[in-house]
Amino acid sequence: MGYAYDDQNIFARILRGEIPNTTVLETEHSLAFRDLYPQAPTHVLVIPKGAYISFDHFAAEAPDTEIVDFVRAVGEVCRREGVTLTAGEGFRMISNAGGHGVQEVPHLHVHILGGRPLGRMLAKAD
Ligand code: AMP
């Protein structure tokens, strides 16, 4: 079974300019914007402009140019937010996928969180 992308998801609508966002960085193939409900002083979402649901979808089907652009965009956001190991105190990247990953928006996004100690990676499972 292939990946079935829903082009009505909220990040697709952001990419089409139908709803606003607070942009941190835009590149040829990627967009980074602030999470509407930040969970840390830095909470930025980085998304590819292409129609990919999840990281596994992106890794399987995106051209190398889009993958390189996306990875570089993540690094540049970290630099601009001052959370790199050269200029800051570090960060966490999270990319939720599917039901077990508790993904709310079915367009690939990486959360970049930082600006405070973030605690352990996972809370205990329910
Ligand atoms: P996930 O659970 O990984 O799919 O995360 C989706 C994230 O998108 C959540 O952290 C939401 O706060 C965030 N979010 C939802 N709608 C918007 C929006 N319009 N602009 C920015 N962030 C949003």
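Both faces of strand 5 are covered in this predicted model. On one side lie Val110, Ile112 and Gly114, on the other His111 and Leu113, and every one of these residues is buried. Strand 5 as a whole is thus described as mostly covered, with five of its five residues buried.

The surroundings of strand 5 are a good place to begin a tour of the sheet. The sheet is open and has five strands in the order 1-2-3-5-4, with antiparallel pairing. Its edges are formed by strand 1 (23-26) and strand 4 (91-94), each of which pairs on one side only. On average, and with direction ignored, neighbouring strands of the sheet are turned by 20 degrees against each other. Helix 3 (residues 64-81) packs on the sheet and touches strand 1, strand 2 (30-34), strand 3, strand 4 and strand 5. The direction of helix 3 makes about 160 degrees with that of strand 3.

Within the sheet, strand 5 (residues 110-114) pairs with strand 3 (residues 42-48) in the antiparallel sense, over five bridges. Two of the facing positions can be picked out on the model: Thr42 stands opposite Gly114 of strand 5, and Val44 stands opposite Ile112 of strand 5. Strand 4 also runs antiparallel to strand 5, and four bridges join the two. Here Met93 has Ile112 of strand 5 as its bridge partner. Ile112 therefore serves as a handy landmark, being buried under the cut-off of 20% relative accessible area, with Val44 opposite and Met93 as a bridge partner.

Elsewhere in the sheet, strand 1 and strand 2 pair in the antiparallel sense over three bridges. One of the pairs to look for is Leu25 with its bridge partner Ala32 in strand 2. The connection between strand 1 and strand 2 is a hairpin, which passes through three residues.

Attention can now turn to the ligand. It is surrounded by 16 residues, of which the closest are Asp35, Asn96, Glu104, His109 and His111. Of these, His111 is also a buried residue of strand 5. Asp35 places a polar side-chain atom 2.5 Å from an oxygen atom of the ligand. Backbone atoms take part as well: a backbone N or O atom of Leu36 lies 3.1 Å from a nitrogen atom of the ligand, and a backbone N or O atom of Val105 lies 3.0 Å from an oxygen atom of the ligand. On its own the ligand has 510 Å² of accessible area, and the protein covers 89% of this.

A last stop is Tyr3, found in the segment before helix 1 (10-15). How buried or exposed is Tyr3? The relative accessible area of Tyr3 is 37%, and because this value falls between the 20% limit for buried and the 50% limit for exposed residues, Tyr3 counts as partly exposed. Beyond its neighbours within four places in sequence, Tyr3 is in contact with Ile53, Ser54, Asp56, His57 and Glu61. With Asp56 there is a polar contact from side chain to side chain, at 2.6 Å. Tyr3 and Tyr52 lie 49 residues apart in sequence, and their C-alpha atoms are 8.2 Å apart in space.

Note on methods
Residues numbered from 1 in each chain as written. Predicted model: local features only at pLDDT ≥ 70, side-chain atom pairs only at ≥ 80, totals over all residues. Heavy atoms only, no water. Pairing = 2+ DSSP bridges. Axes fitted to C-alpha atoms, helices over the stretch in contact; angles between N-to-C directions. Contact = heavy atoms within 4.5 Å. Buried < 20%, exposed > 50% of the residue type's maximum accessible area, 1.4 Å probe, protein only. Near = heavy atom within 4 Å. Polar contact = N/O pair within 3.5 Å; in protein donor to acceptor, adjacent residues only side chain to side chain. Areas by Shrake-Rupley, 256 points an atom, 1.4 Å probe, with all protein chains shown as cover.
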